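Work through the exercises below with the model open. Each task is followed by its solution.

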Amino acid sequence: MTDTHCPYCALQCGITLESNQQDHGTEPVSLRGRDFETNGGALCRKGYSAATLLDHPERLQSPLLRQPDGSFAPVSWEHALDLVAEKALGIRAESGADALAVFGSGSLTNEKAYQLGKFARLALGTSRIDYNGQFCMSSAAAGTNRAFGLDRGLPFPLADLDSAGMILMLGSNVADTMPPFVRHLAGARENGGLIVVDPRRSATAKLCADNAGWHLQPTPATDLPLLLGLAHVLMAESLADTSYLAARTNGFDSLKASLASWWPERTAQVTGVPAEQIRHTARALAQAASEAKAGGKPVYILTGRGIEQHSNGTDTVTAAINLALLLGLPGTLAGGYGTITGQGNGQGGREHGQKCDQLPGYRKITDPEHRAHVARVWGVDPETIPGPGLPAVELLDALGTPTGPRMLMVHGANPVISAPDASRVIHALSRLDFLVVCDFFLSETAAQADLVLPVLQWAEEEGSMTNLEGRILRRRAALAAPEHARGELWILAQLAQRLDAPGHFSPDAREVFEELKLASAGGLADYSGVRWDDLDAGAAIYWPCPAGTEVKAERGIRNGTPRLFLNGFAHADRRAVLVPVAFQPEPRMSKSAVSLVTGRLLEHYQSGAQTRRVPELVQAAPEPLLEIHPATALAHRIVQGQKVVISNERGEVTARARLTVDARLDTVFLPFHYPDSGTANLLTEAKVDPRSKMPEFKHAHVSLSAVKEEQ
Ligand code: SF4
């Protein structure tokens with residue numbers, strides 16, 4: 001029996017795998033939920049069915065090379081690796097190192113994320129590495145760095161939510177995306193204190209029914225003014241915690257001035273949330289926060305991608321943090337602010353150097369001292385480490401342009417489905433001289449590649465992951481890999497050798513982890529005190545965990561830093577920063593258009609490359625459905641189940657209509673997991689947040705037209 005964690009989302013539910021005899025047509029392992037702190041033994045449908053993919057018939061069995069006729073043919077690993085090295089060396093000699101690029105993922109283990117950053121910078125010599133986490137956590141990271149000086153999704157253990165009296169949750173649908181999370185909302189619901197902000201009456205919003213709380217249903221893309229309106233009420237009614245603000249924050253006076261114009265009636269006009277509901281919510285939060293500080297139940301503000309994946313995502317996160325600071329919550333035991341990380345290693349994946357402007361341990365690639373530290377660990381001159389590269393959207397846009405990358409290596413990502421304005425991405429990939437994709441299935445991106453390298457799945461590899469709480473976990477191998485699949489650490493080590501790279505590239509996860517610890521030592525995300533053996537023994541370790549930290553592997557004991565900021569924030573003066581933010585309204589929609597919101601379903605994960613291959617999940621959610629209000633459908637002459645073309649200036653998508661009163665009259669919803677004419681990201685915009693570079697995923701204007709089907 002092997003204890004490990006679910007391969008999908010950042011909740012990283014604990015599971016146990018047991019090997020099966022393979023001669024009865026069974027799956028290679030049996031999987032069951034394990035009593036772990038985030039999931040308490042429960043799993044969602046995705047987690048329960050994850051083992052189905054381990055011996056899936058579509059699993060890639062050998063390297064595949066594109067042939068002159070466009071088909072793929074299997075080739076040996078020697079041939080494949082020699083070819084990658086030959087192409088990289090040739091392109092580098094002709095066009096310079098920045099003609100090579102790498103695109104990573106928030107699904108990679110800590111060791112792979114670390115090694116990928118090192119490989120790009122030392123073996124390829126390129127600055128052009130970034131990853132799909134720019135599409136996920138970048139606005140939250142930019143907002144929390146600005147306010148607190150440090151970005152860790154939840155700066156407290158998830159289980160702290162259990163005792164909450166009130167939780168304000170904005171833009172997150174955990175009841176569908178990570179159902180075992182819902183158990184941590186039980187305390188707030190019993191207390192009548194779950195407040196959900198979402199333009200849809202989502203499964204999470206429905207948890208507010210029966211006096212468990214209330215649902216605010218703003219117009220899409222107006223979360224920022226709603227937060228400004230809530231903060232205005234705190235100021236206008238003298239409900240802010242002025243002693244906390246004086247003792248622990250900077251910037252109060254300018255924030256106060258910036259809120260003056262957001263009185264509830266004006267906020268209601270912009271957001272569609274009634275003024276009385278805004279007042280009621282602000283007063284309830286202030287009352288609960290005041291009781292929490294007198295020894296009552298804590299109060300939390302949580303955000304998700306629904307408010308973060310916008311071109312004003314950083315400012316919206318900042319407005320949520322400002323609200324939490326006005327209530328006097330962050331860095332206390334009375335509650336706090338947190339963001340709910342999505343991808344499996346969305347937390348660790350952004351700490352260890354695959355981001356275009358970062359080195360391991362959250363070090364800055366532009367800081368000479370940070371560069372010198374990492375160069376020492378890598379055994380190279382700091383001058384050999386390139387400077388900052390291009391963030392994801394710019395990197396994808398630059399592919400195949402005269403000054404852009406000519407060769408791209410993709411690891412664990414499927415940008416053809418998951419990047420904004422997907423047809424632009426498909427076109428950009430087609431401009432490349434050579435595209436290499438490492439994956440275990442022929443994803444839509446792999447299908448465009450010149451060379452596909454088959455890699456290991458989660459239950460076949462060793463490594464570590466960092467969950468949404470900043471807790472470091474062991475991923476363990478429970479079964480042997482298919483004969484011709486290889487781990488990415490091995491692939492990178494082999495390529496580094498062929499490219500005559502400086503430094504050492506180990507194929508062994510534990511050895512890479514030891515090096516990662518040294519590289520992170522003294523950084524914000526310091527892992528230097530985390531011992532592999534302690535992780536193996538089940539110790540609960542939260543970073544930062546500097547060298548010398550005493551760690552106990554006993555149930556109920558939390559090691560490292562489970563709760564951040566209790567003794568001060570991470571800025572030099574230990575104070576949080578209140579940053580005034582402003583709202584720029586979007587251009588008006590044409591009369592015939594509606595707002596499109598995109599998101600995830602219970603049954604599928606991210607681009608769906610894995611879950612669309614699990615029969616029970618496909619059966620439950622085989623195709624994209626357009627959620628539309630019956631009155632809106634009637635106005636567009638759309639009936640239940642009818643095919644609808646959803647279009648705008650970037651593209652068109654076809655989906656069947658699902659009529660539901662859970663939708664707003666002015667808004668439709670599409671899931672983004674599906675390929676081809678069902679790819680929702682054909683409609684989303686690559687316009688990015690100026691600070692975080694987050695694209696505008698969550699809101700677009702679209703037209704609808706019913707398709708007349710033959711009887
Ligand atoms: S997908 Fe997420 S919520 Fe579901 S079992 Fe896996 S880790 Fe848990």
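**Exercise 1.** Which domains does the domain assignment of the protein chain give?

Solution. The model is predicted. Its assignment lists domain 1 (2–55), domain 2 (78–134 + 367–560), domain 3 (138–339) and domain 4 (594–706).

**Exercise 2.** Describe the contact of domain 1 with domain 2.

Solution. Start with the centres: taken over C-alpha atoms, they are 25 Å apart. Next, count the residues. Domain 1 puts 15 residues into the contact and domain 2 puts in 11 residues. Then look for strands on the domain 1 side. Strand E1 (2–5) and strand E2 (14–19) each supply at least two residues there. E1 gives the most, with 4 residues. Finally, sort that side of domain 1 by residue class: 8 nonpolar, 6 polar and 1 charged.

**Exercise 3.** Characterise the shell around the ligand.

Solution. The ligand is surrounded by 14 residues. Cys6, Cys9, Cys13, Cys44 and Gly47 are the closest. By class, the shell has 10 nonpolar, 3 polar and 1 charged. By origin, domain 1 (2–55) and domain 3 (138–339) each contribute at least three residues.

**Exercise 4.** Check the length of helix H7, then decide whether H7 is enclosed.

Solution. H7 covers residues 223–236, 14 residues in total. At 1.5 Å a residue, the expected span is 20 Å. The end C-alpha atoms lie 20 Å apart, so the two agree. Now take burial. Of the 14 residues, 12 are buried, so H7 is largely enclosed by the rest of the structure. Among them are Asp223, Pro225, Gly229 and His232. Just after H7, Ser238 has a positive phi of about 50 degrees.

Terms used: Residues numbered from 1 in each chain as written. Predicted model: local features only at pLDDT ≥ 70, side-chain atom pairs only at ≥ 80, totals over all residues. Near = placed C-beta within 6 Å. Nonpolar A, V, L, I, M, F, W, Y, C, P; charged D, E, K, R; others polar. Domains from an automatic or database assignment. Contact = placed C-beta atoms within 7 Å. Expected span 1.5 Å × (residues − 1). Buried ≥ 20, exposed ≤ 12 C-beta atoms within 10 Å, placed from the backbone.
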